[in-house]
Amino acid sequence: NESSPIYKQLMEVKNITKETLHLNSMNYGHRDEEMRSKISELKIAYHFVGVPASSNIRSIGFAPAVTYVKDKGWAGASQFFALDGVGVCHYDENNLKFSHGSAIIAQEDISREVNGKPTIVEINGKKGQGFVYNIEWYSNDFFKQLECASPNYDADIKNQMLMLARIIDKQ
């Protein structure tokens, strides 16, 4: 009766302090994979926008993602944050142009809940062990994922996350 590894990892992220992230920023180069307090401390191969600032969102930190492209920067980035009423979340973005990636998705597994784009929504977990809410959506240029850990199951969490995914996607 143990929580999922993803649930545990996300719940531990909320304990990371600004002091730890500041030390990371001072001690690691732009190719290192450690979390930082600001996206500007990472070299990203494209303009990463991330989760919009809001009164109900507390940013925790940013980490590089996918792969490092020589002379360009990281092909993706992750943003970790706490979302009021939901839990601890991360938004992950993979720029398919720089990662040379693509997605093959079974039609029966998708909806089009994020601005008409192919979308997969999953909720996994158990009462007493926590839940992981996962939304993935795809375009020709990006694979995006919004994942949140919450100790409770609540259909409203999925709805709040879908609203946030639509906002992120329109930026």
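In this report, a residue counts as exposed when its relative accessible area is over 50%, and as buried when that area is under 20%. Keep those two cut-offs in mind as we walk through the structure, which is a predicted model.

**How confident is the prediction?**

The chain averages a pLDDT of 87, and 92% of the residues score at least 70. Confidence is lowest in helix α2 (residues 18–27), with a mean of 68, and highest in strand β6 (residues 130–138), with a mean of 95.

**Two helices, each with a buried face**

Let us start with helix α4, which covers residues 155–170. Its 16 residues reach 23 Å from the first C-alpha to the last, close to the 22 Å expected at 1.5 Å a residue. Which residues of α4 are buried? They are I157, M161, L162, L164, A165, I168 and D169. Seen down the axis of α4, these buried residues fall within an arc of 170°, so they line one face of the helix. The face turned away from that buried side carries the exposed residues M163 and K170. A general rule helps here: an α-helix has 3.6 residues a turn, so residues three or four places apart point the same way. At the start of α4, a side-chain oxygen of D154 comes to within 2.9 Å of the backbone nitrogen of D156.

Helix α1 (residues 5–13) can be read in a similar manner. Here Y7, L10, M11 and V13 are buried. Viewed down the axis of α1, they fall within an arc of 150°, so they line one face of the helix. On the other side of α1, P5, Q9 and E12 are exposed. What do the buried residues of α1 pack against? Their partners are the strands β1 (57–69), β2 (73–83), β3 (87–95), β6 and β7.

**The nonpolar cores**

In soluble globular proteins, nonpolar side chains tend to be buried together. In this model, the largest nonpolar core has 33 residues, of which F81, Y91, W137, L146, M161 and L164 touch the most other members. The elements β1, β2, β3, β6, β7 and α4 each supply at least two residues of this core. The largest share, six residues, comes from α4. Apart from this core lies another, of 12 residues, among them L10, F80, V132 and A149.

F81 shows how many neighbours a core residue can have. Setting aside residues up to four places away in sequence, F81 touches V51, I57, R58, S59, I60, G87, V88, C89, H90, Y91, L146 and L164.

**Two strand residues side by side**

Now for two individual residues, one in strand β7 and one in strand β1. The contacts in the table leave out residues up to four places away in sequence.

| Residue | Strand | Relative accessible area | Contacts |
|---|---|---|---|
| Q145 | β7 (residues 142–150) | 12%, buried | H90, Y91, D92, N134, I135, E136 and W137 |
| S59 | β1 | 26%, partly exposed | K18, Q79, F80 and F81 |

Is Q145 buried or exposed? With a relative accessible area of 12%, Q145 is buried, because that value is under the 20% cut-off. Its side chain also makes a polar contact, at 2.7 Å, with the side chain of N134. S59, at 26%, is partly exposed, because its value lies between the two cut-offs. In sequence, S59 and H90 are 31 residues apart, while in space their C-alpha atoms are 9.7 Å apart.

Conventions
Residues are numbered from 1 along each chain as its sequence is written. This is a predicted model: local features need pLDDT of at least 70, side-chain atom pairs count only at pLDDT 80 or more; totals for chains, interfaces and linings use all residues. Side-chain values use heavy atoms; hydrogens and water are left out. Helices (H or I, at least four residues) and strands (E, at least two) are DSSP runs, numbered from the N terminus. Buried means under 20% relative accessible area, exposed over 50%, partly exposed in between (1.4 Å probe, protein chains only). A polar contact is a pair of N or O atoms within 3.5 Å; within protein, one must be able to donate a hydrogen and the other to accept it, and residues adjacent in sequence count only if both atoms are side-chain atoms. Contact means heavy atoms within 4.5 Å. pLDDT is the predictor's confidence in each residue, from 0 to 100. The expected span of a helix is 1.5 Å times one less than its number of residues. The arc is that of the directions from the helix axis to the C-beta atoms. A nonpolar core is a set of buried Ala, Val, Leu, Ile, Met, Phe, Trp, Tyr and Cys residues joined through side-chain atoms within 4.5 Å.
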